[in-house]
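Biologist: I would like a close look at one part of this model. Please take it step by step, and then place it in the chain as a whole.

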Amino acid sequence: MADVFTPDKRSAVMARIRAKDTKPELAVRGALHRMGLRFRLHVRRLPGTPDIVLSRHKLIIEVRGCFWHGHHCLKGRKPGQNHAYWLPKLQGNIVRGRRNAARLRRMGWRVCTIWECKVRRWTDAELQRHLRSLLESRAE
Ligand SMILES: [Zn+2]
């Protein structure tokens, strides 16, 4: 089924949603900085180009947009319209995400996901507490 948007309109819609999704990632990076942690961003030589890589801790943090990765929350609900366009796309994101996480784990990384809706709800102190618990938990 054809997309209801023209290609131009579609990329404008996508760009807007994507741009908004970087805000939680900035919040997580800010919190890590304030905790005095060093990390690298969008590391291309690792499967799936993970968002945040803490090499010394062998920890990867993916900050995920609820819509794009199908979180079980209000924001992660499937779009009501244009299913034929969105469903394969969103399903593809989820499958790709799982496959990359499995590869990273086989390489000895711990892979943690932080959802956009949580970051939006948390204070910086709560976010830092969560990050500290990720760093301290050795099991994953
Ligand atoms: Zn969510």
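How much space lies in the second largest pocket? Please also say what lines it and what the rest of the chain looks like.

Modeller: This is a predicted model. The second largest pocket holds about 310 Å³ of space. Its lining counts 18 residues. Closest to the pocket centre are Arg-64, Ile-94, Arg-98, Thr-113 and Trp-115.

Now the elements behind that lining. Strand 3 (59-64), helix 3 (83-106) and strand 4 (110-115) each contribute at least two residues. Helix 3 gives the largest share, with 7 residues. The chemistry of the lining is mixed: 6 residues are nonpolar, 7 are polar and 5 are charged.

Next, the setting. The protein chain has 5 helices and 4 strands. Along the sequence they run α-β-β-β-α-α-β-α-α. The chain has 140 residues, and 41% of them count as buried. Its exposed surface is about 8,700 Å², with 54% supplied by carbon and sulfur atoms. Take the contacts with a separation of 6 or more: 61% of them join residues 24 or more positions apart.

Then the core. In soluble globular proteins, nonpolar side chains tend to be buried together. Here the largest nonpolar core has 17 residues. Those with the most contacts inside this core are Val-28, Leu-32, Ile-52, Leu-54, Ile-61 and Leu-131. Two or more core residues come from each of helix 1 (7-34), strand 2 (52-54), strand 3, strand 4 and helix 5 (124-136). Helix 5 supplies the largest share, 4 residues. Strands 3 and 4 thus appear in both accounts: they give residues to the pocket lining and to this core. A second, separate core has 8 residues, including Val-43, Val-53, Ile-60 and Ala-101.

Two core residues deserve a closer look. Leave aside neighbours within four places in sequence. Val-28 is then in contact with Ile-52, Val-63, Ile-114, Val-119, Leu-127 and Leu-131. Ile-52 sits in strand 2. Ile-52 has a relative accessible area of 0%, so it counts as buried. On the same terms as Val-28, with neighbours within four places left out, the contacts of Ile-52 include Val-28, Arg-29, Leu-32, Phe-39, Leu-41, Leu-59, Ile-60, Ile-61 and Val-63. Arg-40 is also in contact with Ile-52. The C-alpha atoms of Arg-40 and Ile-52 lie 5.8 Å apart, although the two residues are 12 apart in sequence.

How values were computed
Residues numbered from 1 in each chain as written. Predicted model: local features only at pLDDT ≥ 70, side-chain atom pairs only at ≥ 80, totals over all residues. Heavy atoms only, no water. 1 Å grid on protein atoms, 1.4 Å probe; cavity = no way out; pocket = protein on both sides within 12 Å on 5 of 7 lines; lining within 4 Å. Points joined across faces, edges and corners; volume = space filled by probe spheres on them. Nonpolar A, V, L, I, M, F, W, Y, C, P; charged D, E, K, R; others polar. Buried < 20%, exposed > 50% of the residue type's maximum accessible area, 1.4 Å probe, protein only. Contact = heavy atoms within 4.5 Å. Areas by Shrake-Rupley, 256 points an atom, 1.4 Å probe, with all protein chains shown as cover. Core = buried A, V, L, I, M, F, W, Y, C linked by side-chain atoms within 4.5 Å.
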